[in-house]
Amino acid sequence: MPILLEERPESQVNHLQIENESSVLPELDREQTGKPIVNFQKDYAVSLVEYCRQVPVAKIDTTCGEAAAMLNDGKEHPCIVLCDDQMRPTGLLMRDTLYRLLNGRFAADLFYRKPVVKTVDASPVIVDIHMEPAAIIDAALGRDEDHFYDCLLVTEEERLCGVLTIRDVMSLSQKLQQAASADRIRTVMESGQEISRIHSAVTKLVQAANQTAQEAGQVIQLSNDGEGRLRQVESSYSQVHEHMGSQKEHAREMLESITTGADMARSIRTLADQSELLALNASIEAAHAGEYGRGFQIVAGEIRALAKQTREVAGNMSTLLQEIESLTQQTVSLIQASGTEINDSAIYVQEGAAAFRKLNDGVNGLSSIVENMATEGGEAGRVAENIQLKLKEMIADDPEVGTNNGAQ
């Protein structure tokens, strides 16, 4: 059985246009792929109307001779379609089948006047014009070998629109493959762009993590310095507290000395009182002695004056000691209050040092996490970069890219 592969009319080839959207892919990077830059901008949308061929239509009373005349009207029609009055296809007669019948020795007598309905294929493959191209290709490839090269009848609402030859089906299949390849390349390129954005985001994350790690190191240094200063303050407070304890002990000893001095002043005053009393008695006895006791009376007067002065000095001394005692008591109170404040402040200093230690621990943990983030982010960035390179290599090595590049 001869193979009949019809050439597409030039007018139909020139009218292959996109009805939906074009596939526009970004350019490949020459530096990363090592291959020429290819700009993908090609139409791969499929419209079945563009592939339909118009062929002669026979009626139920058309003879084989008339059918042959239809095929020889100056156009290379691949077949004749038998239709009813509503243009619904009922049979298919391929050109080579009709010619083989009419080219025999007695074919003219046997078939020339015979109705074409006797020779047509009454069960042709009929597809709707709105069917998916992939389903039409499956229907064409699913036929048996005897009818593999027959035309497919294309209908719309059961009315004949045209036919498809096996060449049309092959062109349709090629168009679908190109569309699938374009979709795959577009998907790969879009994935590459997403990977590129991920790589950029990861790079920024790594940079931010590194900067955070540096700042965390500075915070740790400052925290260590602050803790050291607080330790120094705590040591100074301890020394001051010890000094104040010594001062308190000295003040206590001073109070004891002041008490002793006050006792001595009271004793001196008592002695002065007794001396004055003795001097008074002596004066009285001297007066009794008359002229002989006059000198003794003078001495007794001087003793009385000295006793009076001694009593006054002892009183002043007692008053001064009382004032010194009062001041010393106030000093002791102030030392005690200062000691209490220093103790409270020391507690705050210890709490501040503990807070600095906690801050150091927290910042150290954060620094470790940030360093891990930077490490993992760097690894993720390298993986993303490798994926991006692989995707671009896939695009550069795609046969469709090479075909498009050759066309350019």
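**Close-up views of a predicted model**

**View 1. Glu194 and Arg197 join their side chains in a salt bridge, 2.0 Å from N to O.** A salt bridge here is a side-chain nitrogen of Lys or Arg within 4 Å of a carboxyl oxygen of Asp or Glu. Because Glu194 and Arg197 sit three residues apart in helix α7, about one helical turn separates them. Helices are DSSP runs (H or I, at least four residues), strands are runs of E (at least two), and both are numbered from the N terminus. Glu194 is partly exposed, at 41% relative accessible area, and Arg197 is partly exposed too, at 47%. Buried means under 20% relative accessible area, exposed means over 50%, and partly exposed is in between (1.4 Å probe, protein chains only).

A quick note on all the views: this is a predicted model, where local features need pLDDT of at least 70 and side-chain atom pairs count only at pLDDT 80 or more, while totals for chains, interfaces and linings use all residues. Residues are numbered from 1 along each chain as its sequence is written, and side-chain values use heavy atoms, with hydrogens and water left out.

**View 2. Asp183 and Arg186 make another salt bridge in helix α7.** Their closest N and O atoms are 2.1 Å apart. Once again the partners are three residues apart, about one turn of the helix. Asp183 is partly exposed at 38%, and Arg186 is partly exposed at 21%. The structure holds five salt bridges.

**View 3. Leu164 belongs to the largest nonpolar core.** Such a core is a set of buried Ala, Val, Leu, Ile, Met, Phe, Trp, Tyr and Cys residues joined through side-chain atoms within 4.5 Å. This one has 14 residues, and Leu48, Ile136, Leu152, Val154, Leu164 and Val169 touch the most other members. Helix α6 (133–141), strand β7 (152–156) and helix α7 each give two or more residues to the core. Leaving aside neighbours within four places in sequence, Leu164 is in contact (heavy atoms within 4.5 Å) with residues including Tyr51, Cys52 and Asp150.

**View 4. Helix α4 (residues 95–102) has buried residues on one side.** Arg95, Asp96, Leu98 and Leu102 are the buried ones to look for. They cover an arc of only 160° around the axis, so they end up on the same side of α4. That arc is taken from the directions from the helix axis to the C-beta atoms.
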